[in-house]
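Keep the structure open beside this text and follow the residues as they are named. The walk goes from one site to the next.

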Amino acid sequence: MYQWTRREDERLLTGKGRYVADIEVPDCLDAVFVRSRVGHGALRAVDCSAAREVPGVVGAWSAADLTDVPPCAHAAATLQDLPPVPHTVLAKLSSDEAVVGREWPALVKERVRYAGEAVAVVVGEDRYRAEDGAAEVTFQVDPLPAMVTPSAAAADSTLLFEGLSNIALQGETGKPIEDKVWQDAAAVVEGRYRQNLLMPTPMECRTILAVPEGDRLTVWSGHQMPHRLRRELAALLGWSQEQVRVVVPDTGGAFGSKSASFPEFVVVAFLAVKLQRPVRWIEDRLESMLVATRGRGQDQHARLAADADGRLLAYELHIDADVGAYPHLGVGLPMQTAWMATGAYGTPQVHATVRSILTNTMLTYPYRGAGRPEAVIALERCMDMMARRLGIDPADLRRRNFVPPESFPYTTPTGRTYDSGEYARALDLALETVEYDTWRAEQARRRADPTAKPLGIGLSCYVERSGGEPGGLHEFGSIEVSQDGAITARCGAASSGQSHETVFPALVAKTLGVDEQRVRLIEGDTDEQPQGLGSFASRTAQVAGAMLQHASQLVIEEARQRAANLWDLPLEQVEWSDGAVHAVHDGSAAMDIGELVKATGPLRVEDRFETGMAFPFGTHVAVAEVDPELGTVQLLKVVTVDDCGVVLNPDIVHAQAFGSALQGIGQALYEAIPYDDDGVPMLANGLLDYLLPTYTELPPIEVKDTCTPSPSSPLGAKGAGESGCIGLPAAVVNAVVDALQPADCDLLQMPLTPDVIWRAAQAPKLEGAR
């Protein structure tokens, strides 16, 4: 019989998974949203009358018909919980300044601010009838100028909100750098980089099913933060949290895109209560491509200074971030880029400034890496430019500037305190694995042969932050032991594909010394686990895992105390091993935990456990062959070396690294959201227009790791799920730049499509022709 690697594999891979779309509820209605076809404009009258006459349509509403539906909840608490970082100024970071006057409506009232924004909702007895009804809704939008880039929106020629600047947030971290530093440096390089807007593109799009049950509402959703969704929906409905239950069933991926209370969620929950019938919304792929959250989206200007020996002196980064049409969670996200601007290097002076700018696009939101890929790409591209400027091998330049192991904990000029790191060890392993010297020799051979295709080697050394920010580095959970010895672990996380069902029971079993088949996990249900934070920021092993280990140790202490009382022994004479209590001096006094529960009553412990921030790191290397005539890139070899501290399950961490590496390649070479002049994404043909790397584009990827335990968590674990998205895009771009060696490196902006590469390769010829 086949042995499944993960507990969840048999269910998910044999079609037995239970997703929101699979849940059958009597009398369930389906919701379909009517969406604007322009990106910016004044909404005129919406007419739903014809839709209401369509057979099978239960109702159709515009904002004018649902005057009491509240606006979408914003991430005020998240903004307020950002940490007090030294040398940091955060103007306009309070929720009042950023959000008041710029609320995200559940349905458009007067002004459409992004293509696809919902102007009406139709509910039918099934999806087909609701779609028929939606086709009968008529409305008019008088177009206004659309601004789809931060630079256009920052000019404030057209305001998205009357009387309020399009710049929703301004911030800085580190100290401004004096002109003399730049003037006296032996070398200064600078570049302008565009971080392309991306779509997270999980296999399952967003989902919600709201089921009213008297004065309670049960909500099923593939969501990363069920307790947050419960809290925000309860507040929007004016209910207590106890009246709302959120359940997360099997979820087909998220990558950061499923952690908000979206306008569609608000409308569905509101209508379920209003109609006293279950209402479901299942986002389809084309709809998702139009209105699901975006990632990245920054325009950056970076400047790096070094002395003649290649010692870094100063680094400056300015960020204009596209945060979309409303200041939701994404408005503070670019500060993650600013805080992580220093990377792996001991640069004495670092200064980063941020402007979060509203544009006529769907909202930018955390996407796998969330602010850290943007920091790595800007710095690592500058490092390669500096290496070329000084004639130093890129690996040597990095090695001589690493923060040394003896300097940890290390506080950066931007206020981050790195917990632990051995950056040179990861670099050395990556160079050895990729056979760096061999590829450099091959590169030299090709450069001497005018008929050979150019070859480049790109490096990227990264540091990221995992676990979350102060105020959010805790998790809740419990462990319960039944009389038959079965153990139930509960926690406030919610899996969207991270293998919690396998990893967490194994961790509890290891701590208790029992067979892991005795342990089952319950999560993603706010009735089962009343408090929790969720799964985001690569926090589940580091934070939720530490909480479950802590709870397991509480079980051991409680069992020892009960046995001591039962046997009338001092506590120190009772030991725990292999799931049982033993008397130290009496071999006959021993009892399995299940027997102890039979003798002493129910055993359940619950607690809140907090860890510190952690800073995973690594080195990624890409070897690329470029065809200048066709503009194509073939990745000949990719090596990732990541250090996420203590690894709980090597197979799963390896899979996370591999998958995120493929997403990183997608950002570097393929993925971007193009807009027309009206602010409409040009994605009418779905995934034929938004290119994702497939098996055909999969290069040879070798995944390695080093282990530098984190002192911030008792497990020693750091986040492991985002590494490839963070470190690899810069390595791929640096490899292409290294192959082509263009005079103007800024021509090579992601994604490196054939058109972009061809133009960069032909630039000297075109310039000469003029």
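Start at Glu469, in the loop between β19 (455-463) and β20 (474-481). This is a predicted model, and every value below is computed from it. Glu469 counts as buried because its relative accessible area is 11%, and the cut-off is under 20%. What does the side chain of Glu469 contact? One polar contact, of 2.7 Å, goes to the side chain of Gln336. Another, of 2.6 Å, goes to the side chain of Arg465.

Now turn to a second charged residue. Arg35 sits in strand β1 (residues 29-35). Its relative accessible area is 10%, so Arg35 is buried too. Its side chain reaches the backbone oxygen of Gly116 at 2.9 Å. It also meets the side chain of Glu264 in a polar contact of 3.0 Å. Setting aside neighbours within four places in sequence, the contacts of Arg35 include Glu117, Ala118, Phe139, Trp281 and Glu287.

Arg35 also leads to a pocket. Arg35, Arg37, Leu286, Glu287 and Leu290 are the lining residues nearest the centre of the second largest pocket. In total, 24 residues line this pocket, and its volume is about 540 Å³. Which elements supply at least two residues each to the lining? They are β1, α5 (127-134) and α10 (285-291). Strand β1 gives the most, with five residues. By class, the lining of this pocket has 17 nonpolar, one polar and six charged residues.

Next come the enclosed spaces. Rolling a probe the size of a water molecule over the atoms shows where empty space is left. The structure has four cavities of 30 Å³ or more. The largest cavity holds about 100 Å³. Its lining has 16 residues, with Pro200, Thr201, Pro202, Ser288 and Ala292 nearest the centre. Six of the lining residues are nonpolar, four are polar and six are charged. The second largest cavity holds about 60 Å³. Among the residues lining this second cavity are Arg296, Gln298, Asp322, Thr364 and Glu374. Its lining divides into four nonpolar, four polar and three charged residues.

Move on to Val626, in strand β27 (residues 617-627). Is Val626 buried or exposed? Val626 is buried, because its relative accessibility is 1%. Lys453 is 173 residues away along the chain, yet the C-alpha atoms of Val626 and Lys453 are separated by 6.2 Å. Val626 touches Lys453 and Pro454. Leaving out residues up to four places away in sequence, Val626 also touches Thr632, Val633, Val736, Ala739, Leu740 and Ile757.

What about the cysteines? A disulfide is a covalent bond between the sulfur atoms of two cysteines. A search of the whole structure finds zero disulfides. Cys382 is in none, and the nearest cysteine sulfur, that of Cys745, is 10 Å away. Cys461 has its closest cysteine sulfur in Cys382, at 14 Å, so the two are too far apart for a bond. Both Cys382 and Cys461 are buried, because their relative accessible areas are 0% and 3%.

Finish with the backbone. Most residues other than glycine have a negative phi, and most peptide bonds are trans. Which peptide bond is cis, with omega near -5 degrees? The bond from Phe408 to Pro409 is one of them. Pro409 falls in the loop between α13 (394-399) and β17 (410-411). Met750 and Pro751 are also joined by a cis peptide bond, with omega about -5 degrees. Pro751 belongs to the loop between α20 (723-740) and α21 (754-769).

Two residues have a positive phi without being glycine. Asp27 has phi near 60 degrees. The loop between α1 (9-13) and β1 holds Asp27. With a relative accessibility of 56%, Asp27 counts as exposed, since the cut-off is over 50%. Gln276 has phi of about 55 degrees. Its place is the loop between α9 (263-275) and β13 (279-282). Gln276 is partly exposed, because its relative accessible area is 43%.

Definitions and conventions. Residues are numbered from 1 along each chain as its sequence is written. This is a predicted model: local features need pLDDT of at least 70, side-chain atom pairs count only at pLDDT 80 or more; totals for chains, interfaces and linings use all residues. Side-chain values use heavy atoms; hydrogens and water are left out. Helices (H or I, at least four residues) and strands (E, at least two) are DSSP runs, numbered from the N terminus. Buried means under 20% relative accessible area, exposed over 50%, partly exposed in between (1.4 Å probe, protein chains only). Contact means heavy atoms within 4.5 Å. A disulfide is a pair of cysteine sulfur atoms within 2.5 Å. A polar contact is a pair of N or O atoms within 3.5 Å; within protein, one must be able to donate a hydrogen and the other to accept it, and residues adjacent in sequence count only if both atoms are side-chain atoms. On a 1 Å grid over the protein atoms alone, a cavity is a set of points where a 1.4 Å probe fits but cannot get out, and a pocket is an open set with protein on both sides within 12 Å along at least five of seven lines; lining residues have an atom within 4 Å of a point. Grid points are joined across faces, edges and corners, and a volume is the space filled by probe spheres set on the points. Ala, Val, Leu, Ile, Met, Phe, Trp, Tyr, Cys and Pro count as nonpolar, Asp, Glu, Lys and Arg as charged, and the others, Gly among them, as polar.
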